[in-house]
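Student: Got a minute to go through this one with me? I'd like to start with how the copies are compared.

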2 protein chains.
Amino acid sequence: MGMDSGLRPRWESWGKQVEEALDGFLPGEAVAPISLHKAMRYSVFAGGKRLRPILCLAAAEAAGGDAAVAIPAACAVECVHTYSLIHDDLPCMDDDDLRRGKPTCHKVFGEAVAVLAGDALLALAFEILSCAGEGAAGASVRELAKAAGSRWLVGGQVADMEAEGKEADLGLVEFIHGGKTAAMIAASLRMGAIAVGAGQDFVDLVGDFGTKLGLAFQIQDDLLDITQSSEVLGKSAGKDEAAQKATYPRAVGVERAREEARRLTAGAIGALRPLEERGEVLRAIANYLLEREF
Amino acid sequence: MGMDSGLRPRWESWGKQVEEALDGFLPGEAVAPISLHKAMRYSVFAGGKRLRPILCLAAAEAAGGDAAVAIPAACAVECVHTYSLIHDDLPCMDDDDLRRGKPTCHKVFGEAVAVLAGDALLALAFEILSCAGEGAAGASVRELAKAAGSRWLVGGQVADMEAEGKEADLGLVEFIHGGKTAAMIAASLRMGAIAVGAGQDFVDLVGDFGTKLGLAFQIQDDLLDITQSSEVLGKSAGKDEAAQKATYPRAVGVERAREEARRLTAGAIGALRPLEERGEVLRAIANYLLEREF
């Protein structure tokens, strides 16, 4: 339950570095158009856990590199993640009023500015990446663009919406989770490794860890939507069931979903074996995510 | 009136190359999610003039390079342009039913898929760029991300919406046109030059040409909205006036707007002087845009 004693200080210190770097990368609230930059900052600094940036930095360190070098990549993945949440919450999509315990972007700034704040965050992610070391920029942009594109992040959201109200089919659930969650988590890890110049084998290894971890994470998320309250989650609970979303628990039941999350987490940790003690932080994150309660 | 005899075959041949390359870069309609890929293709192949890609290729050639090398950059800018049109047309933005003589993306595929098709095209632009020559990728991504970001393309759209129904102030009109149109046109030219390894002076020169040309082009667009019919334009005419948009003609009147378009075009052509005969195609494009009737 909770983070292990070695992980917490690392997470907090990396988290702080990411906050500061994001603050530097995002235009100030006084920059025109003011409403747009306020909306972008509102959503980016809404109290997210920064899981994807932390994974990015942890992969850089596990590769034997300096995690600080991967800070731009970490900020870029968080910008993409935030953009995807803003658009997912729109009235024409999941129509959510609450995110991280606060009113969603479109509730505060209106629908048009919310669409555009998401758009601008997506563009900003690539601007941030392009300013990182010239050597890694091409490969890193390719990873992020692919994961954020029509086959993965966006494709998963389309499939998610189209599956609403239908029988939750396991193959479809895996397509949705693979696209919406696992691909971006895998990309975060791969980009961290790429930033510090890791070899292709290492990039693929942390990517494999990330895909399994991402699926486990999303199943856990689906389970928490059923078992926790809106207050604990900071977002509307029970919505998956109400909207008849294609989720793991709906497809195979709560017990088998729990089992699958455990099995995938064990698989993720197993993928780290060749790293020996260098995989310690990544292992600790995987265990933490499986045990988390919100 | 119309294209001069030297420009037309060049435009048509480049346009054909861009169509073919876009067809290769966009996932097929049979790739899941099918609705998403259909929507992306619907909007990309809706019969656009391909002005931005043509400018990109023309800049590459004017730099003494092989225009074919700039094809990925040309396709990337067209993806960004198409994404911006899809989002601009949304009900929460300009709420347009007609674009290039066809129903807009959200009218055909629904609002959610239209938002996501735009998102996916923006990501695809960077994926295409990242696959271009490793050397130019970083600089090119930086140009495109900046031009597409919160200070320019997206910022211009926010300012455009916020200005609706208010007095059309000249400074504001220039901010909107500079962001929504001129920045992307300048970026298209700069990226074409970057793709073939042109020096910084050349990149800045075609960028300067592009900024002036882009402003002239947008003024011309505003004028055509007043003077032409929806049939000729392939989009709803007279909407600027009805929505009280901040446009050049509304700010200074039709006659002064015409003058300004001519003055800016002359300035753009003047910026090409150092190129001597290598600037011929770019000059022909500038003259054509000033004289166009749709």
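Tutor: Sure. For comparing copies, they are superposed by least squares on the C-alpha atoms of residues with pLDDT of at least 70 in both. Keep in mind that this is a predicted model.

Student: OK, so what turn and shift lay chain A on chain B?

Tutor: A turn of 180° with a shift of 0.0 Å along the axis does it, and the RMSD is 0.0 Å. The two copies are thus related as by a two-fold rotation axis.

Student: Which residue of chain A comes closest to that rotation axis?

Tutor: Gly138(A), with its C-alpha at 3.0 Å. Both copies use the same surface, too: 100% of the contact residues of chain A recur in chain B.

Student: How many residues does each chain put into the contact?

Tutor: Chain A gives 43 residues and chain B gives 43 residues. On the chain A side, the helices that each supply at least two residues are α2 (34-44), α6 (111-130), α7 (134-148) and α8 (153-163).

Student: And which element has the largest share there?

Tutor: α6(A), with 13 residues. As for classes, that side of chain A has 26 nonpolar, 9 polar and 8 charged residues.

Student: Switching topic: what's in the nonpolar core?

Tutor: The largest one has 216 residues, and the ones with the most contacts inside it are Ala117(A), Leu144(A), Ala117(B) and Leu144(B). In general, nonpolar side chains tend to be buried together in soluble globular proteins.

Student: What does Ala117(A) touch?

Tutor: Leaving out residues up to four places away in sequence, Ala117(A) touches Leu36(A), Ala39(A), Met40(A), Ser43(A), Ile86(A), Cys105(A) and Phe109(A).

Student: Now the chain as a whole. How many helices and strands does chain A have?

Tutor: Chain A has 15 helices and 2 strands. Its C-alpha atoms fill a box of roughly 50 × 45 × 35 Å along the principal axes.

Student: Does the radius of gyration of chain A agree or disagree with a compact globule?

Tutor: It agrees, because a compact globule of 294 residues would have a radius of gyration near 19 Å and chain A has 18 Å. Also, 58% of the 294 residues of chain A count as buried. Of the contacts in chain A between residues at least 6 apart in sequence, 72% join residues at least 24 apart.

Student: Last one: what are the confidence scores?

Tutor: Chain A has a mean pLDDT of 94, and 98% of its residues reach 70 or more. For the model, ipTM is 0.96 and pTM is 0.97.

Conventions: Residues numbered from 1 in each chain as written. Chains lettered and ligands numbered in written order. Predicted model: local features only at pLDDT ≥ 70, side-chain atom pairs only at ≥ 80, totals over all residues. Contact = placed C-beta atoms within 7 Å. Helix = DSSP H or I, 4+ residues; strand = E, 2+ residues; numbered from the N terminus. Nonpolar A, V, L, I, M, F, W, Y, C, P; charged D, E, K, R; others polar. Rg over C-alpha atoms; globule rule 2.2 N^0.38 Å. Buried ≥ 20, exposed ≤ 12 C-beta atoms within 10 Å, placed from the backbone. Core = buried A, V, L, I, M, F, W, Y, C linked by C-beta atoms within 7 Å. pLDDT = per-residue confidence, 0-100.
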